[in-house]
Amino acid sequence: MQLWRNGYDCAMSVVDDLRDRVVGATTSLFSHGPQPLEHTLDHVGDPGLLGPDSVSWRVIGDATAFVGGVRALLVQTAHPEVVAGVGDHSSYRDDPLGRLTRTSFYVTETTYGAMPEVERSAEIVQRVHRSVRGVSERGVPYSADDPAHAAWVHNALTDSFLTAYQHYGPQPLTDDEADRFVLEQTKIGALLGADPMPETADELSAWITEHPDLQPTEAQRDAIDFLSSPPLSPPVKVGYTLLQQAAVATLPPRIAEITGLSPRPGAHRIGAVAVDALRWALGSSPSWHIALVRSGAPVPSGRFRQPLPPEARSLVAS
């Protein structure tokens, strides 16, 4: 019996070490800048923009959000003016992890933040967008604060989070839940003046796939090449490639044609395994966890693996 116990303890130690390595490698990707929700417990009782009963907290708090984030970037490149703005004004080539961290900051704070955090994050993005102006390679002017261009970015992100969850989530949303998610996300898009914003899942999918302004460009090809092989360390790049291919496997035919992307054989199945592994290692988002604590909502048992900060643990204990 003692021999069995020693073997079990050894095996669990190996498992815990593996989990910790995955957590460390993943979280390091998002540590290149300010961290979201650092002072969220200054606003105890504030449910934020969406609240603990929202579908959005569940969807964006799942490991499928990694696939959804990559998919959104791929889809966004199909719009010539949007991708021109990224290429002309973004630092993604020189500081890809910094841009990833800033994007993650915005999504996390607008989704899970208390209202002062939501408003601050939106103000930061609005300030940056004022200077993002130019002309695309097909001669059309662009502006990041143009409602139509903001809508393409926002709607692509919403559609991608939803699509990734429906393909790789622990259990697909019902039609009603999917529609609720899309409607909830319009509250975030409204912060940046995005218009139009479809309010159901089917309307959103059709708006994306049938958008009249899409076509391939050189700026798009540059962005796709970068997103297909970003400068990451070899172990992290292996995991990223699995998620990127999982994202490609969910692209609608027209977007796949415009971007020139096609999944490798088995990409969907392998992607599902990769997402399951991330979910096992990471648990659900720690941002979701601390937002539940801040808002005073019940915390689902067994869903969160990463520890709360000391001040949050103190609040739970009290």
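Does Glu109 count as buried or exposed, and at what relative accessibility? The points below take up this residue after a general description.

1. General description. The model is a predicted one. The chain contains 15 helices and two strands. Of its 318 residues, 47% are buried. Among contacts with a separation of 6 or more, 74% are between residues 24 or more positions apart. The exposed area of the chain is about 15,300 Å², and 57% of that area comes from carbon and sulfur atoms.

2. Glu109 and Arg120. Glu109 counts as buried, at 0% relative accessibility. A salt bridge joins Glu109 to Arg120, with the closest N and O atoms 2.7 Å apart. Glu109 belongs to helix α5 (residues 96–112) and Arg120 to helix α6 (residues 115–129), so this pair ties together parts that are eleven residues apart in sequence. Arg120 has a relative accessibility of 36% and therefore counts as partly exposed.

3. Glu81 and Arg138. The structure holds eight salt bridges, and one of them is formed by Glu81 with Arg138, where the closest N and O atoms are 2.7 Å apart. Glu81 is in helix α4 (residues 80–89), whereas Arg138 is in the loop between β1 (133–135) and β2 (141–143); the pair therefore ties together parts that are 57 residues apart in sequence. The relative accessible area of Glu81 is 4%, so this residue is buried. Arg138, with a relative accessible area of 31%, is partly exposed.

4. Arg221 and Asp225. A further salt bridge links Arg221 with Asp225, the closest N and O atoms being 3.3 Å apart. Both residues lie in helix α10 (residues 218–228); because they are four residues apart there, about one helical turn separates them. Arg221 is partly exposed, with a relative accessible area of 28%, and Asp225 is also partly exposed, at 42% relative accessibility.

5. A salt-bridge network. Asp62, Asp276 and Arg279 are joined into one network by salt bridges that share partners. In general, side chains of opposite charge can pair when their charged atoms come close.

6. Negative surface patch. Which residues gather in a patch of negative charge on the surface? They are Asp175, Asp176, Glu199, Asp202 and Glu203. Two elements, α8 (175–191) and α9 (201–209), give two or more residues to this negative patch. Glu199 is placed in the loop between α8 and α9. Patch members need over 30% relative accessible area and no salt bridge. Glu199 has a relative accessible area of 47%, so Glu199 is over the area cut-off and is partly exposed.

7. Arg313 and its surroundings. Arg313 is located in helix α15 (residues 310–317). With a relative accessible area of 44%, Arg313 is partly exposed. Leaving aside residues up to four places away in sequence, Arg313 touches Pro307 and Leu308. The C-alpha atoms of Arg313 and Ile290 are 9.4 Å apart in space, while the two residues are 23 residues apart in sequence.

How values were computed:
Residues are numbered from 1 along each chain as its sequence is written. This is a predicted model: local features need pLDDT of at least 70, side-chain atom pairs count only at pLDDT 80 or more; totals for chains, interfaces and linings use all residues. Side-chain values use heavy atoms; hydrogens and water are left out. Patches are made of residues with over 30% relative accessible area and no salt bridge: like charges are joined within 9 Å, nonpolar side chains (Val, Leu, Ile, Met, Phe, Trp, Tyr) within 5 Å. Accessible areas come from the Shrake-Rupley method with a 1.4 Å probe; for residues, only the protein chains shown count as cover. A salt bridge is a side-chain nitrogen of Lys or Arg within 4 Å of a carboxyl oxygen of Asp or Glu. Lys and Arg count as positive and Asp and Glu as negative; His and the chain ends are not counted. The place of a charge is taken as NZ of Lys, CZ of Arg, CG of Asp or CD of Glu. Buried means under 20% relative accessible area, exposed over 50%, partly exposed in between (1.4 Å probe, protein chains only). Contact means heavy atoms within 4.5 Å.
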